[in-house]
Amino acid sequence: MNKTLMNRFSLILSKFGIIIAFAAVFTVLSIATPYFLTLPNMITVLRQISFNGIVALGMTFIIVTGGIDLSVGSLLCLAGLVSAHYSVAGSGSEMPLAIAVLAGVLVATIFGLINGLLIAKGKLPPFIVTMATMTIVRGISLVYSDGRPITGFNNGYKEIGQGSVLNIPIPVVIFGVMLLISVILLKYSKFGRHVFAVGGNEKAAIASGINAAKVQTMVYVIGGVMCGIAGVALTSRLNAASPQAAEGYELDAIASVVIGGTSLSGGRGGVLGTVIGALLIGIIGNGLDIMNVSSYYQKIIKGCIILLAVFLDRKNIKS
Amino acid sequence: MIMKTILSMNHICKQFPGVKALDDVSLEITEGEVHALVGENGAGKSTLMKILAGIYRLDSGELILDGETVKFNASIDALQHGVAMVHQELMPLMDMTIAENIFLGREPVIGKSGIVNRKQMVQDAKVFLDKLNVDIDPRKRMRDLNVAQMQLVEIAKAISCKAKIIIMDEPTSAITKKECDNLFVQINELRKNKVSIIYISHKLEEIFEICDRITVLRDGKKISVSEIEKTDVNRIITEMVGREMDMIFPEGTAVPGATLLEVKNIAIKGLLHSISFHVRHGEILGIAGLMGAGRTELAECIFGLRKRDSGDIIKEGNLLNIQKPIDAIKNGLVLVPEDRKSTGLNLIANVEDNISVANLDNYTKYGLIDQRGIRNSCNDMIKKLNIKTTGYGQIVDNLSGGNQQKIVFGKWLLTDGDVIILDDPTRGIDVYAKYEIYTIIQELAKRGKAIIMISSEMPEIIGLCDRVIVMCEGKVTGEIGKEELSQERIMRYASGIAT
């Protein structure tokens with residue numbers, strides 16, 4: 001009798017562990033400092049995690065298939081540079097907002113496609129491919145921008161990252177929309193089932209009639225699209241496009257996904273977990289900032305949390 | 001002669017999430033005996049043995065090995081105490097060679113240097129392989145072997161470990177009669193050397209041939225332990241399933257109709273030589289043969305899992321273009337594969353996901369999944385196939401081998417294909433579940449489906465099939481009609497001996 005109660009408890013813990021952890025940290029921070037639990041700060045947190053969050057959404061798809069994408073930071077950066085280039089107010093290259101944004105997103109999507117094709121059709125390991133893409137695209141960004149930042153955007157472009165709708169920052173709205181699309185795509189669509197099937201057992205998925213190569217290519221394309229959108233939004237927010245932007249974004253994105261409960265070995269997890277993972281990282285960073293903890297310590301703390309999350313994930317799988 | 005007890009497993013209990021796998025089970029093994037452990041799928045045999053082999057930890061109870069109470073925390077403990085296990089679901093290191101697998105952890109080294117003596121390792125491995133009459137180069141990688149060959153390597157490994165107790169879990173499920181006879185010779189040798197063997201198998205004829213005593217488990221409990229001469233097959237079956245089994249094969253009432261599928265001149269260089277056959281509506285066509293005959297490869301070709309060099313697949317007069325499994329599925333051809341864990345199932349997904357995965361198109365509207373529809377179909381399938389599971393949400397990895405196989409069946413039945421290829425569909429499945437699957441196969445034939453059944457089990461080929469083609473080394477060597485079916489005839493064709 002006691003055993004079954006314990007079994008049930010451990011099952012609930014494994015499913016909702018991340019939410020409980022989030023609630024715990026949230027409560028602790030609210031008590032630790034009065035500046036945390038205020039409406040402006042909450043909105044700040046949401047806006048801060050939006051850019052990373054969008055990237056993490058794409059990363060979720062990729063990790064569920066058992067892959068990984070280290071190039072997200074670079075894709076984001078290039079998308080920002082390209083869209084910025086066409087949005088400099090009064091310049092010869094200025095284009096209508098829609099075209100500029102589309103150009104940026106398209107560039108990131110194309111590199112996502114290249115990632116996907118090399119991994120799915122070329123059968124090359126995702127780690128190496130995306131590490132290479134990461135370096136190549138970073139180089140392209142430097143060449144494209146001549147190593148210099150782009151500033152002086154037109155109002156339309158500025159609005160994307162700096163404006164708000166009904167007091168909600170536009171990046172948060174974009175994040176929300178992307179989240180909705182991701183949930184529908186991963187959880188409720190046929191494509192989503194294929195993603196999980198391929199991640200769970202690629203051979204069995206193929207033997208069940210699924211085009212595994214196509215699925216694997218598509219998730220990297222989705223990753224590219226997300227990077228493109230995040231790139232435009234972030235560049236707009238920072239009011240400058242820099243070839244050094246978004247370095248290290250891949251680690252935060254992967255951390256959000258893993259902390260959120262998606263398994264690195266694939267076939268298991270979800271987008272909602274990723275969001276909570278991103279929020280957890282977000283509030284910790286935010287809380288530590290408010291309490292004036294140096295960013296050096298923050299790195300240590302963030303790393304420890306990732307270890308803890310992976311440890312709990314492993315324990316969950318074992319039981 | 002006093003029989004010395006070498007092993008006592010007393011009052012063993014083991015619980016998994018949602019399933020009580022073992023409920024106060026006791027087992028006693030004497031030195032040099034071959035002790036059979038039987039029971040339906042899910043009865044607890046594999047679990048009990050995994051506890052003995054140190055892979056699982058018992059919840060309560062004790063293990064007494066050669067007079068001393070032991071506690072195994074890892075399989076290395078068991079191995080050091082002289083307990084070796086040859087698993088039902090083989091787990092070799094695929095990218096390492098046969099020799100490396102056999103001597104894993106015990107590699108012969110050059111003097112004290114710690115450097116592996118590869119030449120010695122290969123030589124020693126050859127000795128054990130020769131003992132089992134297996135003619136494979138020990139330097140070959142496990143990945144390049146088929147299921148049957150991998151199993152023989154596992155047995156060689158156990159023998160090489162000089163174990164006092166060797167647990168064999170379904171050792172003959174994927175090997176042919178010749179290899180099986182060979183294995184029994186080895187078992188007798190081991191018996192003479194006072195090695196005990198715990199023999200888990202569903203093949204009762206074999207058990208009565210080789211074993212001294214037999215313990216029956218059912219639903220996690222021990223039902224009986226008897227000496228082989230003092231019991232008989234019917235009594236054992238009754239104890240296993242709790243009911244009398246008077247008929248092993250259901251009556252086939254299907255009447256074969258027009259030709260549904262025709263396969264012409266399928267060839268793969270070095271593997272298949274111009275294979276042709278046909279199968280009709282409502283017909284169960286058996287494909288018999290020894291290991292290495294090429295039957296699985298043929299099935300994979302027809303299903304689009306393997307590229308062929310030449311050959312045509314014609315269904316109802318139309319030439320089909322099959323390059324990938326999806327092409328086959330779209331044309332109503334389905335394949336229940338030989339190895340369910342690697343090709344048939346997504347082990348980390350649940351019952352529902354596994355059953356629906358090949359048929360998602362039929363449950364998709366505007367790209368979105370009709371979850372309720374899938375769930376209903378899944379529940380229907382669970383009932384129809386009598387799958388022992390806690391529900392649609394159970395992770396498939398936690399199910400027993402037989403129930404896993406039923407899930408694979410369920411997946412393909414859901415697609416409603418009309419040519420159903422089965423590759424060793426009852427491998428590692430208990431007597432009662434086999435009967436259920438035979439009934440399903442007969443039912444499908446009655447509905448007009450064409451069944452192609454690859455099998456190495458003579459009784460089921462003779463009991464089920466309307467017609468049998470026999471393959472040997474990549475060629476069709478014979479075709480036998482129902483009236484002329486006999487074990488001898490099949491074996492003759494399978495060995496390539498002309499009639």
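Which residue in E14(B) is the bridge partner of B:Ala267? I would like to start from that small detail and work outwards, keeping in mind that what we have here is a predicted model. The partner is B:Ser310, and the pair belongs to a longer stretch of pairing, in which strand E11, residues 259-268 of chain B, and strand E14, residues 310-315 of chain B, run antiparallel and are joined by five bridges.

These two strands sit within an open sheet of four strands in chain B, whose order is E12-E11-E14-E15 and whose pairing is antiparallel. Strand E12, residues 272-280, and strand E15, residues 318-320, stand at the edges of the sheet in chain B, and because each has a single partner strand, one side of each is left without a neighbour in the sheet. From one strand to the next, the twist averages 20°. Lying across E11, E12 and E14 of chain B is helix H9, residues 295-303, which runs at about 115° to E11(B).

Stepping back to the chain, we find chain B divided into domain 1, covering 5-241, and domain 2, covering 259-494, with the C-alpha centres of the two domains 29 Å apart.

Finally, let me turn to the contact between the chains, to which chain B gives 23 residues and chain A gives 19 residues. On the chain B side, the elements that provide two or more residues are helix H10 (325-330), helix H11 (340-344) and strand E18 (368-369). If we sort that side of chain B by class, we count 15 nonpolar, seven polar and one charged residues.

Key
Residues are numbered from 1 along each chain as its sequence is written. Chains are lettered from A and ligands numbered from 1 in the order in which they are written. This is a predicted model: local features need pLDDT of at least 70, side-chain atom pairs count only at pLDDT 80 or more; totals for chains, interfaces and linings use all residues. Domain bounds come from an automatic or database domain assignment. Two residues are in contact if their C-beta atoms, placed from the backbone, lie within 7 Å. Ala, Val, Leu, Ile, Met, Phe, Trp, Tyr, Cys and Pro count as nonpolar, Asp, Glu, Lys and Arg as charged, and the others, Gly among them, as polar. Two strands pair if DSSP finds at least two bridges between them. Axes are lines fitted to C-alpha atoms, for helices over the stretch in contact, and angles run from 0 to 180 degrees between N-to-C directions.
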